[in-house]
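Good morning, and thank you for the time. I would like to take you through one structure, moving from its aromatic contacts to its cysteines, its backbone and one of its pockets.

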Amino acid sequence: MSTKAYYPISEIGAGKPGFSRTRSIIEGAFYGNNVVKVNTLKEAYEMAKNSPGTIVTDMPVYRAEEIGLERDAKVLLFNDGAVTGRYAAARRIKGEPGVDETKLDKVVMDAIYKTRWQTMYHAECYIGLDPEFMAKAHLLIPEGEENLLYNWMLNFQYMSDKYVQMYKGSQPIGGGKEPDIYIFSNPQWTPTESPDVDFSCLSDPLTLCYFDTNQNCAAILGMKYFGEHKKGTLTMAWALANRNGYASCHGGQIGRASCRERV
């Protein structure tokens, strides 16, 4: 496995790879009894097609069967709202100057608590399509955001039989110490006053895109734009690649056969 999902007791603890306060808050949400697993792209397509507000066009998906859809699958459109580009003001990267991780962790804790009343969908995909570099990514997103989930799975590699086998035979990244990527998203999030949460750590009190790149996890709150989810996932993958000696590019992580640098 290229990134790590399971740990023996001896590898669990503060300060060990894959364990941080932020990571524990985010990853813990994936194991709630309100979480439903979305296992295939076909399943995600049907959910998105039937989600309120979806426009089912008459345009066929190009070579649909080759990417895991039915032959008659159609291109889906959806209005994500007024934001049509990434929003830098919402971005916070743990460890950078001026980023208050203690306050941000509490914002995320509170946001996750509020989703306990919602059905949450958990999807998985692979990033990097070469046995030398493959990372597993997880997305958790609430009911009503099926188009975001479907488009996220479309933009990366869903778990087809071919790629499941490739992943099983792929090399562990970072000596097997790099954890899976986990992204918690709630586009419907709005902050509510609480004596336990200080929203002064946000430039925009209505949105947050919070990354712990060293632990491969992120929380995206109040952000409806799909690009925030796609690029947010790539932020994790590129950071993971860079610290393990790979040169990142917009098209993916470049393997040894074409362009690889060791620092």
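**Aromatic pairs and their surroundings**

Tyr126 and Tyr167 are both buried. Before going further, I should state that this is a predicted model, and every value I quote is computed from it.

These two tyrosines form a stacked aromatic pair, with 4.6 Å from centre to centre and 25° between the planes. What does this pair tie together? Tyr126 belongs to strand S5, residues 120–130, and Tyr167 to helix H5, residues 161–168, so the contact joins parts that are 41 residues apart in sequence.

A second pair has another geometry. The ring centres of Trp189 and Phe199 are 6.3 Å apart and the planes meet at 55°, so this pair is tilted. Trp189 and Phe199 are 10 residues apart, and each sits in the loop between strand S7 (181–186) and strand S8 (208–212). Both Trp189 and Phe199 are buried. In total, the count comes to 6 aromatic pairs.

One charged group also meets an aromatic face. Arg116 lies over the face of Trp117, at 4.0 Å from the ring centre.

Let me return to strand S5 for a moment, where Asp130 is also found. Is Asp130 buried, exposed or partly exposed? Its relative accessibility is 36%, and therefore Asp130 counts as partly exposed. Asp130 is 37 residues from Tyr167 in sequence, and their C-alpha atoms are 8.6 Å apart in space. Tyr167 is thus a residue we meet twice: in the stacked pair with Tyr126, and in this C-alpha distance to Asp130.

**Cysteines**

I now turn to the cysteines. How many disulfides does a search of the whole structure find? The search finds 0. A disulfide here requires two cysteine sulfur atoms within 2.5 Å, and two cysteines illustrate why the result is as it is. For Cys125, the closest cysteine sulfur is that of Cys217, at 16 Å, which is too far for a bond. For Cys201, the closest cysteine sulfur is that of Cys209, at 14 Å, again too far for a bond.

Are Cys125 and Cys201 buried or exposed? Cys125 has 0% relative accessibility and counts as buried. Cys201 has 12% and also counts as buried, because the limit for that class is under 20%.

**Backbone: positive phi and sequence separation**

Next, the backbone. Which residues other than glycine have a positive phi? Arg63 is one of them, with phi near 50°. Asn216 is another, with phi near 55°.

The settings of these two are as follows. Arg63 is found in the loop between strand S2 (55–60) and strand S3 (74–77); at 46% relative accessibility, Arg63 counts as partly exposed. Asn216 is found in the loop between S8 and strand S9 (217–221); at 0%, Asn216 counts as buried.

I also wish to set separation along the chain beside separation in space, using three C-alpha pairs.

- Tyr150 and Leu41 are 109 residues apart in sequence, with 7.1 Å between their C-alpha atoms. Tyr150 is in helix H4, residues 146–155, and is buried, with a relative accessible area of 4%.
- Glu178 and Thr3 are 175 residues apart along the chain, and their C-alpha atoms are separated by 5.2 Å. Glu178 lies in the loop between H5 and S7 and counts as buried at 8% relative accessibility.
- Thr54 and Thr40 are 14 residues apart along the chain, and their C-alpha atoms are separated by 19 Å. Thr54 lies in the loop between helix H2 (41–49) and S2, and is buried with a relative accessible area of 15%.

**The second largest pocket**

My final topic is the second largest pocket, which has a volume of about 210 Å³. Which residues lie nearest its centre? They are Val83, Thr207, Gly222, Met223 and Lys224, out of a lining of 15 residues. By class, that lining has 8 nonpolar, 5 polar and 2 charged residues.

To close, I would recall two results. The stacked pair of Tyr126 and Tyr167 connects strand S5 with helix H5, and the search for disulfides finds 0 in the whole structure. Thank you for your attention.

How values were computed: Residues numbered from 1 in each chain as written. Predicted model: local features only at pLDDT ≥ 70, side-chain atom pairs only at ≥ 80, totals over all residues. Heavy atoms only, no water. Buried < 20%, exposed > 50% of the residue type's maximum accessible area, 1.4 Å probe, protein only. 1 Å grid on protein atoms, 1.4 Å probe; cavity = no way out; pocket = protein on both sides within 12 Å on 5 of 7 lines; lining within 4 Å. Points joined across faces, edges and corners; volume = space filled by probe spheres on them. Nonpolar A, V, L, I, M, F, W, Y, C, P; charged D, E, K, R; others polar. Phe/Tyr/Trp six-rings, centres within 6.5 Å; stacked < 30°, edge-to-face > 60°. Helix = DSSP H or I, 4+ residues; strand = E, 2+ residues; numbered from the N terminus. Lys NZ or Arg CZ within 6 Å of the ring centre and 35° of its normal.
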